[in-house]
Amino acid sequence: MTGGDPLRLGVLGGTFDPPHYGHLALAETARVQLGLARVLFVPAGDPPHKPGYPLSPAVHRAAMVTAAIADNSAFVLSRVDLDRPGPHYTVDMLALLRGMFAGAEFYFLMGGDSLAEFLTWRDPVGIVRQAVLVVMERPGWTADIPVLEREIPGIRERLVWLDAPRLDLSATDLRRRVREGLPIRYLVPPAVEAYIREHRLYARENSDCRR
Ligand code: ATP
């Protein structure tokens, strides 16, 4: 990047309940492939896409993200969606970040599942106007690009596919694994596993903390 080039910022929104190597691989692949200066990890407060989803308290999810990204100086926790009342739509979050980082170019990172459901999001045209979509394919999900192009003309030019292996990892499955006493070692960073154990997250007897 030369001096006059705009700052390239990646944004990875999610519930991160818990963060796992799928998120980190997505962020790091995007950082390298697109030359991103930073990737902002943006935990959702009250996710509009998961109504009724029994989310862990934000304090835990933010702490786990902090632990997960600690060894990568390009990765940063953003509290933009944690410190404001919901609902938290991506289109609004991007507008806030664009205000904070004037002149930066934004790259919104997502898994193939998110792209497949993108038309259900609030103002997808507004999102694509503000950020390039950077997608890592995810097992079991295929986005219908012609339909997306019909609904959001020009989206093809705003889409970048990452060259990354498909990782069949999800927070849903990790929570199940903890609940059932199965190992999560090598699926999440050691510090995230330690945090989950220390705070007894996702354990059956503690399931009420997720309501
Ligand atoms: P849950 O299972 O609770 O729905 P999740 O594992 O999908 O959670 P989120 O925090 O909802 O994690 O995901 C944040 C973003 O990261 C989304 O865009 C999602 O598509 C992407 N992502 C999550 N896991 C992967 C993965 N294994 N490969 C590629 N992208 C992923």
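Student: Which residues of helix 2 meet which residues of helix 8?

Tutor: In this predicted model, helix 2 contributes Val59, His60, Ala63, Met64, Ala67 and Ala68, and these meet Ala191, Val192, Tyr195 and Ile196 of helix 8. Sorted by class, the contact between helix 2 and helix 8 comprises nine nonpolar residues, one polar residue and no charged residues.

Student: What describes two packed helices?

Tutor: The general idea is that a packed pair is described by the angle between the helix axes and by the distance between those axes. Here, helix 2 (residues 58-69) and helix 8 (residues 190-198) pack at an angle of about 150 degrees, and their axes are 8 Å apart. Angles over 145 degrees count as roughly antiparallel, and helix 2 and helix 8 are therefore roughly antiparallel to each other.

Student: Is the crossing of helix 2 and helix 8 right-handed or left-handed?

Tutor: Helix 2 passes helix 8 in a right-handed crossing.

Student: Let us turn to the sheet. What is the order of its six strands?

Tutor: The six strands form an open sheet in the order 3-2-1-4-5-6, and their pairing is parallel. Strand 3 (75-77) and strand 6 (159-161) are the edge strands, each pairing on one side only. On average, neighbouring strands of this sheet are turned by 30 degrees against each other, with direction ignored.

Student: How many bridges join strand 1 and strand 4?

Tutor: Strand 1 (residues 8-14) pairs with strand 4 (residues 105-111) in the parallel sense over four bridges. As an example of such a partnership, Gly10 has Tyr107 in strand 4 as its bridge partner.

Student: Which strands does helix 3 touch?

Tutor: Helix 3 (residues 90-100) packs on the sheet and touches strand 1, strand 2 and strand 4. The direction of helix 3 makes about 150 degrees with that of strand 4. Helix 1 (residues 21-34) lies across strand 1, strand 2 (38-43), strand 3, strand 4, strand 5 (132-136) and strand 6. Relative to strand 4, helix 1 runs at about 145 degrees.

Student: How many helices and strands are there in the protein?

Tutor: The protein has eight helices and six strands. Read from the N terminus on, the elements run β-α-β-α-β-α-β-α-α-β-α-β-α-α.

Student: What radius of gyration would a compact globule with 211 residues have?

Tutor: A compact globule of 211 residues would have a radius of gyration near 17 Å, and the protein has 17 Å, which agrees. Taken along the principal axes, the C-alpha atoms fill a box of roughly 50 × 40 × 35 Å.

Definitions and conventions: Residues numbered from 1 in each chain as written. Predicted model: local features only at pLDDT ≥ 70, side-chain atom pairs only at ≥ 80, totals over all residues. Heavy atoms only, no water. Pairing = 2+ DSSP bridges. Helix = DSSP H or I, 4+ residues; strand = E, 2+ residues; numbered from the N terminus. Axes fitted to C-alpha atoms, helices over the stretch in contact; angles between N-to-C directions. Contact = heavy atoms within 4.5 Å. Parallel < 35°, antiparallel > 145°, perpendicular 65-115°, else oblique. Left-handed = near helix turned anticlockwise from the far one by under 90°. Nonpolar A, V, L, I, M, F, W, Y, C, P; charged D, E, K, R; others polar. Rg over C-alpha atoms; globule rule 2.2 N^0.38 Å.
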